[in-house]
Amino acid sequence: MTNHAEGAPAVRSRRASPMGLYLTLAGIALFTIAVFLDWLATDIEDAARVEGASVSGYETDSLIPFVAYLGIGLAAALLYAMTRAHRRQHRGLTLTSMAVGIAATLLALSYLVDAPGISEGGRDLSPEIGVWLALIGGLLWAAGSGLFAKEIEGDDHVDDTTYGRGRAA
C-alpha cells in the first residue's frame, strides 16, 4: 500500500523534443515550393507540343503536387498531435510522415536519373532547380520525421514496468 498522506506522488513526464518536427516542416515547405519551380528543361524540337523551354513540377506530373499536398496534410496533423498528445507526438503518424518523406525523396531522385513517362517521347530532358530543391526537401522531411519518431511517445519505461514488459528500476 502506498501512503498518500503527503500528497500525490510526483509524476515525471518526458516530452518529445520538437526539433525533428521543425525539420520535417522545413522539408515539407521546401518540397511544396519546389512543385511550382521548373523541374525539366528541353531543347524544343516540336514547338507545337511544348509551350516553353521548361515545365514546373505542377505541369510535369500530377503525382508531384499530390505528394506536396499530402505533406501539408501530414504537417497539419503532426502539429495538431504535438499540441494534443500527452508527450507531443503520435508515433504512427510520425512514421507515416517518414514513409511519405522517403517516397517524396525517391520521386525527386527519379527525375534526376530519368524523368518517368515524359522521356519516352525521345526528347532530351535535363533536371532543373525544382528537382534539386524537392530532393533536399524530401531528405529533410524523411530525416526530420525519423528524428521525431526516435523521441518518447505515449509509452515510457514506467508504463513498461506496469505491464510486465521491463524490469523495475
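The buried residues of α1 (buried means under 20% relative accessible area with a 1.4 Å probe, protein chains only) pack against β1 (38-42), β2 (54-56), α2 (57-60), α3 (63-84), α4 (91-113) and α5 (129-150). Contact here means heavy atoms within 4.5 Å. Helices (H or I, at least four residues) and strands (E, at least two) are DSSP runs, numbered from the N terminus. This is a predicted model: local features need pLDDT of at least 70, side-chain atom pairs count only at pLDDT 80 or more, and totals for chains, interfaces and linings use all residues. Residues are numbered from 1 along each chain as its sequence is written, and side-chain values use heavy atoms, without hydrogens and water.

Stay with α1. Its buried residues are G20, L21, T24, G27, I28, F31, T32, A34 and V35. They cover an arc of only 160 degrees around the axis, judged by the directions from the helix axis to the C-beta atoms, so they lie on the same side of α1. An α-helix has 3.6 residues a turn, so residues three or four places apart point the same way.

Now the sheet. Three strands form an open sheet in the order β2-β1-β3, with antiparallel pairing (strands pair if DSSP finds at least two bridges between them). β2 and β3 (125-127) are the edge strands, each pairing on one side only. Three bridges join β1 to β3. A41 stands opposite S126 in β3.

Last, the core. The largest nonpolar core (buried Ala, Val, Leu, Ile, Met, Phe, Trp, Tyr and Cys residues joined through side-chain atoms within 4.5 Å) has 28 residues, and F31, W39, Y111 and W141 touch the most other members. α1, β1, α3, α4 and α5 each give two or more residues to this core. α3 gives the most, with eight residues.

How values were computed. Buried means under 20% relative accessible area, exposed over 50%, partly exposed in between (1.4 Å probe, protein chains only).
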